[in-house]
Every structure is written in structure tokens, then in C-alpha cells.
Amino acid sequence: VNDGKNSMMMDPNALLNQTKSTVSDKTKYISSFSMTNYFKIRVCFVRSLACLIEDKTKLSDYSFFLECCVVLGDEVLCTPHVTPLRTGSHEIDFNETILEFDIKVSNLPRESKICTTLFSKK
């Protein structure tokens, strides 16, 4: 999919097959330095949610959202992204929400990490 930012979503199965061939054939590989698309993650769901609620109300009375950002040490590398509010009790479905960050895969430092925080709102 080309959305004007030169970004393309790779099929996860194709990437997995390519990774398998990398193990058997050292001449085929994908270098992150050659990937010019923007970094994206797909948020599907949060499962087995267990949290302490002081007033003993139901989890279904709350709405939840995820905040995701890419960090290197204590430095945030790009703007954090937030999913839409969702309700749920033991599993929260985010309907495969795609979060696209304003940093290219080729510019991500090797030690960078994705920081995800689940927030609740009554």
C-alpha cells in the first residue's frame, strides 16, 4: 500500500518465509538499513487483563486505550501514538489498529524499544 509517504506494509507470512530462507541460505536477507518505509505496528488485542480496582467495580465499566512510543534509553524518538478507546473485561479488542510512527525503519537505532502503556478511563 503506498500512501504517499513511501510506506509499504509487508505481509508477515512473506517476512517469516524470508527469515526461514535466511537461516538456510545466507545470501538472502533483509537489512533494516535498506527499508525506507515508516515504522508501523498493528495492535490486535490485550488479553488476560488483571488489574486492581479500588472501588470493586466491573472492568467492563472502564474504557481502555494504549499509548505506544519508540524510545532509546530515556529519550523518546518520535511522537507517541494512541489507540481509540475500547471497552472490555478480560480481553480488549483493538480491531487491528495500525499505528504508524514518523520515523523510518532504516533510521531506528539497534537498541530502540517500543514502550506500550495501557490506560483506563471510567
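# A tour from Phe 119 inward

Start by selecting Phe 119: with a relative accessibility of 33%, this residue counts as partly exposed. In this tour, buried means under 20% relative accessible area, exposed means over 50%, and partly exposed is what lies in between (1.4 Å probe, protein chains only). You're looking at a predicted model, where local features need pLDDT of at least 70 and side-chain atom pairs count only at pLDDT 80 or more, while totals for chains, interfaces and linings use all residues. Residues are numbered from 1 along each chain as its sequence is written, and side-chain values use heavy atoms, leaving out hydrogens and water.

**Zoom out**

Switch to a cartoon view. The protein has one helix and seven strands, and from the N terminus on they run α-β-β-β-β-β-β-β. Helices (H or I, at least four residues) and strands (E, at least two) are DSSP runs, numbered from the N terminus.

Now show the surface. The protein exposes about 8700 Å², with carbon and sulfur atoms supplying 53% of that area; the method here is Shrake-Rupley with a 1.4 Å probe, and for residues only the protein chains shown count as cover. Of the 122 residues, 25% count as buried.

How far along the chain do contacts reach? Among contacts with a separation of 6 or more, 70% are between residues 24 or more positions apart. A contact means heavy atoms within 4.5 Å.

**Back to the rings**

A search of the whole structure finds two aromatic pairs. Rings of Phe, Tyr and Trp (its six-membered ring) pair if their centres lie within 6.5 Å; planes under 30 degrees apart are stacked, over 60 edge-to-face, and the rest tilted. Add Phe 65 to your Phe 119 selection: the two form a stacked pair, 5.2 Å centre to centre with 20 degrees between the planes. Phe 65 sits in strand E2 and Phe 119 in strand E7 (residues 113–121), so this pair links parts of the chain that are 54 residues apart. Phe 65 is partly exposed, at 21% relative accessible area.

**Into the core**

Next, select strands E1 (38–47), E2 (63–72) and E6 (91–104), the elements that give two or more residues to the largest nonpolar core. Such a core is a set of buried Ala, Val, Leu, Ile, Met, Phe, Trp, Tyr and Cys residues joined through side-chain atoms within 4.5 Å. This one has 18 residues, and those with the most contacts inside it are Phe 39, Ile 41 and Phe 101. Which strand gives the largest share? That's E6, with five residues.

Click on Phe 101. Beyond its neighbours within four places in sequence, its contacts include Tyr 38, Phe 39, Ile 41, Cys 68 and Val 70.

**Two bridges**

Show charged side chains next. There are two salt bridges, each a side-chain nitrogen of Lys or Arg within 4 Å of a carboxyl oxygen of Asp or Glu. Glu 100 and Lys 40 make one of them (4.0 Å, N to O), linking strand E6 to strand E1 across 60 residues. Glu 96 and Arg 42 also meet in a salt bridge (4.0 Å, N to O). Glu 96 lies in E6 and Arg 42 in E1, so this pair ties together parts 54 residues apart in sequence. Glu 96 is partly exposed at 47%, and Arg 42 is partly exposed at 41%.

**Last stop**

Finish on Lys 104 in strand E6, partly exposed at 27%. Leaving aside neighbours within four places, Lys 104 is in contact with Thr 36, Asn 37, Tyr 38 and Phe 39. Try a distance label too: the C-alpha atoms of Lys 104 and Phe 33 are separated by 9.5 Å, though the residues are 71 apart along the chain.
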